[in-house]
Amino acid sequence: MDFNDIEEGALINLLARSFGVPLENGVLNFPAEIGSGYIRRLKINHKMQVFIRNFELKKERRVIRENIENDKNLIIIAFHNIFKTDHYKENNTSGLLTSKINLPSALISSVSLDREIILPAGMKTSSIVIAIYSDYLKELLNSQENSNLIQTIVSGEQSFLFEEIVSPEMQELAAKIVNANVPDQLQGLYFRAKAELLIYLLLVELLKRNETSLASINAADVKIMYRVRDKILQNINEPPRLEDLVLFSGMSKSKLQNLFKQVFGDSIYNYYQSFRMRQAADMIREERISVSQVGYIMGFSNLSHFSRMFEKHIGFKPKRYAQLSK
């Protein structure tokens, strides 16, 4: 299978037909009565395509992918909320990322988990999505001694989803992709190189995990994991209570802990703390407020404790990080 075989089922084509809007040079521009923004498709080759999504809809849209079994070897690599927009600035004057709407994330998943695609109303979508076939990714990796996680990704034998918090390197690279002004005859070369580098940066983070056994995951499990994740981040000043999350999820304690770590790469509590410190780092990097103010905003009454926690997750003490960010 390659993209020539499933062209009519591509999301950009489904949306274009749904809205009655033609594609112009691989770009779907949303008319004012539907929303604002665009989706741009970059055809790299018959095994990999890149989509830049930057839009906001007035009404929710649901798109069902048909013949998904034919695409079981298709892998989706998505970098969500990876470039900032005017919507981000208007709705986040404090700089805090307080919900799933604004959470920058990088994920890789089997397409079988993505049969129904929901495009919500009133939410700015700013993402880069890479669709790539497993045999092509395996060829790029060019190794017979891959980790269990990589084998799971390229084998096509089980459903999977792994997510990471976006790194600064990913954000910088995303900005270059979105804002690139490349001669037409060099676009294929440029965007292929940048897309492969984005994949590399994500895999570098994933390979830091120590999973020896990975369970197959279904769409229902994925929905529960994201509901749990969103609940954890609803109030970042209060640590999550495992007992409450077990009741909320309807899962056993062990299944919840194992699946959460498999999807997000860390325990529930460590994920919560890491997210808080990345928010703190973002505020310090943008130089909105002082280091001490950041600590208090993040809920720390003891600034020495904040400094130790920040260093554990970011690698530098807050004041040193502020100096390096200038």
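## Helices, strands and two unusual asparagines

The axes of helix H3 (residues 134-141) and helix H4 (residues 148-155) come within 8 Å of each other and cross at roughly 140°. Here a helix (H or I) is a DSSP run of at least four residues and a strand (E) is one of at least two, both numbered from the N terminus. Axes are lines fitted to C-alpha atoms, for helices over the stretch in contact, and angles between N-to-C directions run from 0 to 180 degrees. H3 and H4 are therefore oblique to each other; angles under 35 degrees count as roughly parallel, over 145 as roughly antiparallel, 65 to 115 as roughly perpendicular, and the rest as oblique.

Before going on, please note that this is a predicted model, in which local features need pLDDT of at least 70 and side-chain atom pairs count only at pLDDT 80 or more, while totals for chains, interfaces and linings use all residues. Residues are numbered from 1 along each chain as its sequence is written, and side-chain values use heavy atoms, with hydrogens and water left out.

Which residues make the contact between H3 and H4? From H3 come Ser134, Leu137, Lys138 and Leu141, and from H4 come Ile150, Ile153 and Val154. Contact means heavy atoms within 4.5 Å. By class, the residues of this contact divide into 5 nonpolar, 1 polar and 1 charged. In this scheme Ala, Val, Leu, Ile, Met, Phe, Trp, Tyr, Cys and Pro count as nonpolar, Asp, Glu, Lys and Arg as charged, and the others, Gly among them, as polar.

Now look at another pair of helices. Helix H8 (residues 242-249) and helix H9 (residues 253-264) pack at an angle of about 95°, with their axes 9 Å apart. That makes H8 roughly perpendicular to H9. Leu242, Leu245, Val246 and Ser249 of H8 meet Lys253, Leu256 and Gln257 of H9. This contact has 4 nonpolar, 2 polar and 1 charged residues.

Let us step back to the whole chain. The chain holds 13 helices and 9 strands. Of its 326 residues, 48% are buried, where buried means under 20% relative accessible area, exposed over 50%, and partly exposed in between (1.4 Å probe, protein chains only). About 16,700 Å² of the chain is exposed, and carbon and sulfur atoms supply 47% of that area. Accessible areas come from the Shrake-Rupley method with a 1.4 Å probe; for residues, only the protein chains shown count as cover. Among contacts with a separation of 6 or more, 73% link residues 24 or more positions apart.

The sheet comes next. Strands of a sheet pair through backbone hydrogen bonds, either parallel or antiparallel. In this model, 7 strands form an open sheet in the order E1-E2-E3-E8-E5-E6-E9, with antiparallel pairing. Two strands pair if DSSP finds at least two bridges between them. Strand E1 (27-29) and strand E9 (161-165) are the edge strands, and each pairs on one side only. On average, neighbouring strands of this sheet are turned by 10° against each other, direction ignored. Helix H1 (residues 11-19) lies across E1, strand E2 (35-45) and strand E3 (48-57), and runs at about 145° to E2.

Is edge strand E9 mostly covered or uncovered? E9 is mostly covered, as 5 of its 5 residues are buried. Leu161, Glu163 and Ile165 lie on one side, with Phe162 and Glu164 on the other. E9 is joined to strand E6 (residues 105-110) by 5 bridges, and the two run antiparallel. Leu107 has Glu163 of E9 as its bridge partner, and Ser109 has Leu161.

Two asparagines deserve a look. Most residues other than glycine have a negative phi, and most peptide bonds are trans. The table shows two residues with positive phi.

| Residue | Phi | Loop | Relative accessible area |
|---|---|---|---|
| Asn25 | near 55° | between H1 and E1 | 81%, exposed |
| Asn81 | near 50° | between strand E5 (74-80) and helix H2 (86-91) | 18%, buried |

Finally, here are two residues in helices. Ile224 is found in helix H7 (residues 219-232). Leaving aside neighbours within four places in sequence, Ile224 is in contact with Ser249 and Met251. Ile224 and Met251 are 27 residues apart in sequence and 9.1 Å apart in space, C-alpha to C-alpha. Ser307 has its place in helix H12 (residues 303-314) and is buried, with a relative accessible area of 17%. With neighbours within four places in sequence again set aside, Ser307 is in contact with Lys317 and Pro318.
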